[in-house]
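Work through the exercises below with the sequence and the coordinates side by side, and try each task before reading its solution.

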Amino acid sequence: MASKTITFDQSSGVAYGLNLTMYGGSDFEVTLNVKTTSSGAFDLTNYSGTAAMSKSVAVGATLGITSAFTVGFTSAFDGVMKLSLAAVNTRATTEGRYVFDVLVKESVGGGATTYPLVSGNVIVINPVSSAP
């Protein structure tokens, strides 16, 4: 399981750039350790998240979402969240380059604001051997 440390700056409106590698037929998991701009843990207590990948987001592309990741908060107070995709989903994903993003929604009082947290590429590799 990969672990990545990222910086989240709500005021910038810009996602943190991150590239990932996924092996077809294997469970995929990545832990995101979300930090503030001053390197402290970002408190994600009032947040929910969504994440997905697509073959393309080019103008005119109609491919839509290839896979939606499961998003979980393993320690919201400490800024730790996990993205995962089961082996059955990675096995069904064609080898190649995909784009992905993670959005988080802050719910405070009666309102909610959505922020881009992470975006980048996922390289999917379908190995000759299958996962043990």
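The exercises that follow deal with strand pairing, aromatic contacts, charged side chains and the surface.

The model is predicted, so local features are taken only where pLDDT is at least 70 and side-chain atom pairs only at pLDDT 80 or more, whereas totals for chains, interfaces and linings use all residues. Residues are numbered from 1 along each chain as its sequence is written, and side-chain values use heavy atoms, with hydrogens and water left out.

**Exercise 1. Strand β9 and its neighbours**

Task: Determine which strands β5 and β10 have as a common partner, and in which sense they pair with it.

Solution. Strands here are DSSP runs of E with at least two residues, and helices are runs of H or I with at least four, both numbered from the N terminus; two strands pair if DSSP finds at least two bridges between them. Begin with strand β5 (residues 47-54), which is joined to strand β9 (residues 96-108) by eight bridges in the antiparallel sense. On the other pairing, β9 runs antiparallel to β10 and is joined to it by 13 bridges. Asp-101 serves as a reference point for both pairings, since it is the bridge partner of Ala-52 and also stands opposite Ser-119 in β10. Finally, follow the chain from β9 into β10: the two strands form a hairpin with two residues between them, and Gly-109 in the turn has a positive phi of about 60 degrees.

**Exercise 2. Strand β4 and its salt bridge**

Task: Establish how β4 pairs with β1 and with β8, and then locate the salt bridge of the structure.

Solution. First take the pairing with β1, which is parallel and runs over six bridges; within it, Lys-4 has Leu-32 of β4 as its bridge partner. Next take the pairing with β8, which is antiparallel and also runs over six bridges, with Val-30 standing opposite Leu-83. β4 is mostly covered, six of its eight residues being buried (buried means under 20% relative accessible area, exposed over 50%, and partly exposed in between, with a 1.4 Å probe and protein chains only).

The structure holds one salt bridge, a term that requires a side-chain nitrogen of Lys or Arg within 4 Å of a carboxyl oxygen of Asp or Glu. Glu-29 and Lys-82 form this salt bridge, and their closest N and O atoms are 3.7 Å apart. The pair links distant parts of the chain, with Glu-29 in strand β4 and Lys-82 in strand β8 (residues 80-85), 53 residues apart. Glu-29 counts as partly exposed because its relative accessible area is 31%, and Lys-82 is likewise partly exposed because its value is 26%.

**Exercise 3. Aromatic pairs**

Task: Classify the pair of Phe-8 and Tyr-115 and the pair of Phe-28 and Phe-69 by their geometry.

Solution. Rings of Phe, Tyr and Trp (its six-membered ring) pair if their centres lie within 6.5 Å, and planes under 30 degrees apart count as stacked, over 60 as edge-to-face and the rest as tilted. A search of the whole structure finds six aromatic pairs. Among them, Phe-8 and Tyr-115 are 5.9 Å apart from centre to centre with 75 degrees between the planes, and this pair is edge-to-face. It links distant parts of the chain, Phe-8 lying in the loop between β1 (2-7) and β2 (16-17) and Tyr-115 in strand β10, 107 residues apart. Phe-8 and Tyr-115 are both buried.

Phe-28 and Phe-69 have centres 5.8 Å apart and planes at 45 degrees, which makes a tilted pair. Phe-28 lies in strand β4 (residues 28-35) and Phe-69 in the loop between β6 (67-68) and β7 (70-75), so the pair ties together parts that are 41 residues apart in sequence. Phe-28 and Phe-69 are buried as well. To complete the picture, Phe-8 and Tyr-115 belong to one aromatic cluster with Phe-42 and Tyr-47.

**Exercise 4. An unusual backbone angle**

Task: Find where Ser-39 is placed, and decide whether this residue is buried or exposed.

Solution. Most residues other than glycine have a negative phi, and most peptide bonds are trans. Ser-39, however, has a positive phi near 75 degrees. Ser-39 is found in the loop between β4 and β5, and it counts as exposed because its relative accessible area is 59%.
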